[in-house]
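User: Could you walk me through this model and its ligand site? I'd like to go step by step.

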Amino acid sequence: MQLIIDTEHNLALWAADRYERLLAEVPEAVLGLATGSSPLRVYDELAARVAAGTMSFASARAFTLDEYVGLPAGHPGSYRRVIDEDFARRVDFADGAVQGPDGTASDLSEAAAEYERRIVSAGGIDLQILGIGTNGHIAFNEPGSSVHSRTRVEVLSEQTRTDNARFFGGDIDAVPTRCLTQGIGTILEAREIILLAIGANKASAVAAMVEGAPSERVPATALRSHPRVTVLADAAAAAALTPEARASARSADAVRA
Ligand code: GLP
């Protein structure tokens, strides 16, 4: 697990460079997209580079991580709508190139299995971007999720619904209780993973992920078994790491191409 600690701006430049290199080498790369506030500066930087004509997603495809169950298409809280507004429609993906799990399906188990099949038939994810929940979740894999879990229905924890109420007018009762999420096993099959952690409310989850004992109680610790993970943390999110871990981290400048 490579650890880079820097400002949110510099981390976004580092991540955008990584996308730029990947798409230059493999224009038809398969990307894994995450909703949430953590990747927003990366998405801004990618949109700026596409607008400037220095990179293109025209041949790429993408799969989102997760979706609430039961929100109608177009609901402002639905992750499909959020990813379109935050990223997809700001770059030049071809129509239909971005897919997400169908949280409105009448048969959710089948929708989950179908989503796994679609990822496999696309050849798997080349580069997955992740955030981290304050309870250490990745995608919507809540504490207790198996490292072997696949795309499935998950019940959201009270903590996650409280954290995400800000996207539903501050009303926790408006936050759905269930979601469809890629499993941890699904995520671990991505060939490369970049996890972004921004802000002091992520500090304890980051410390547990990077230095704690691997445990299903902190789903993000599963990433330690993956050969190609880069954790990008700002100083606030890195604040609970030991001095040794912080000393082993690099700055984004030091590793930018
Ligand atoms: C949600 C998403 C996660 C995301 C997490 C952190 O629960 N399902 O994929 O990583 O929130 O979000 P944020 O980046 O807004 O802190």
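**The domain and its ligand**

Analyst: Happy to! In this predicted model, residues 9-226 are 33% helix and 14% strand, and the end C-alpha atoms of that span lie 26 Å apart.

User: Which domain does UniProt list for residues 9-226?

Analyst: The name comes from the record rather than from the coordinates, and the entry is unreviewed. For residues 9-226, UniProt gives "domain: Glucosamine/galactosamine-6-phosphate isomerase".

User: How do the residues of the shell around the ligand divide into nonpolar, polar and charged?

Analyst: The ligand is surrounded by 13 residues, the closest being Ser37, Ser38, Asp66, His137 and Lys202. By class, the shell divides into 4 nonpolar, 6 polar and 3 charged.

User: What percentage of the ligand's accessible area does the protein cover?

Analyst: Let's begin with the polar contacts. Ligand oxygen atoms lie 2.7 Å from a backbone N or O atom of Ser37 and 2.9 Å from a side-chain N or O atom of His137, while a ligand nitrogen is 3.2 Å from a polar backbone atom of Ala139. Of the 390 Å² accessible on the ligand alone, the protein covers 95%.

User: Which pocket does the ligand take up?

Analyst: Here the pocket is identified by the space that the ligand takes. That space is the largest pocket.

How values were computed:
Residues numbered from 1 in each chain as written. Predicted model: local features only at pLDDT ≥ 70, side-chain atom pairs only at ≥ 80, totals over all residues. Heavy atoms only, no water. UniProt positions renumbered as here; feature names shortened; annotations may be inferred. Helix = DSSP H or I, 4+ residues; strand = E, 2+ residues; numbered from the N terminus. Near = heavy atom within 4 Å. Polar contact = N/O pair within 3.5 Å; in protein donor to acceptor, adjacent residues only side chain to side chain. Areas by Shrake-Rupley, 256 points an atom, 1.4 Å probe, with all protein chains shown as cover. 1 Å grid on protein atoms, 1.4 Å probe; cavity = no way out; pocket = protein on both sides within 12 Å on 5 of 7 lines; lining within 4 Å. Sits in = over half its atoms within 2 Å of the grid points. Nonpolar A, V, L, I, M, F, W, Y, C, P; charged D, E, K, R; others polar.
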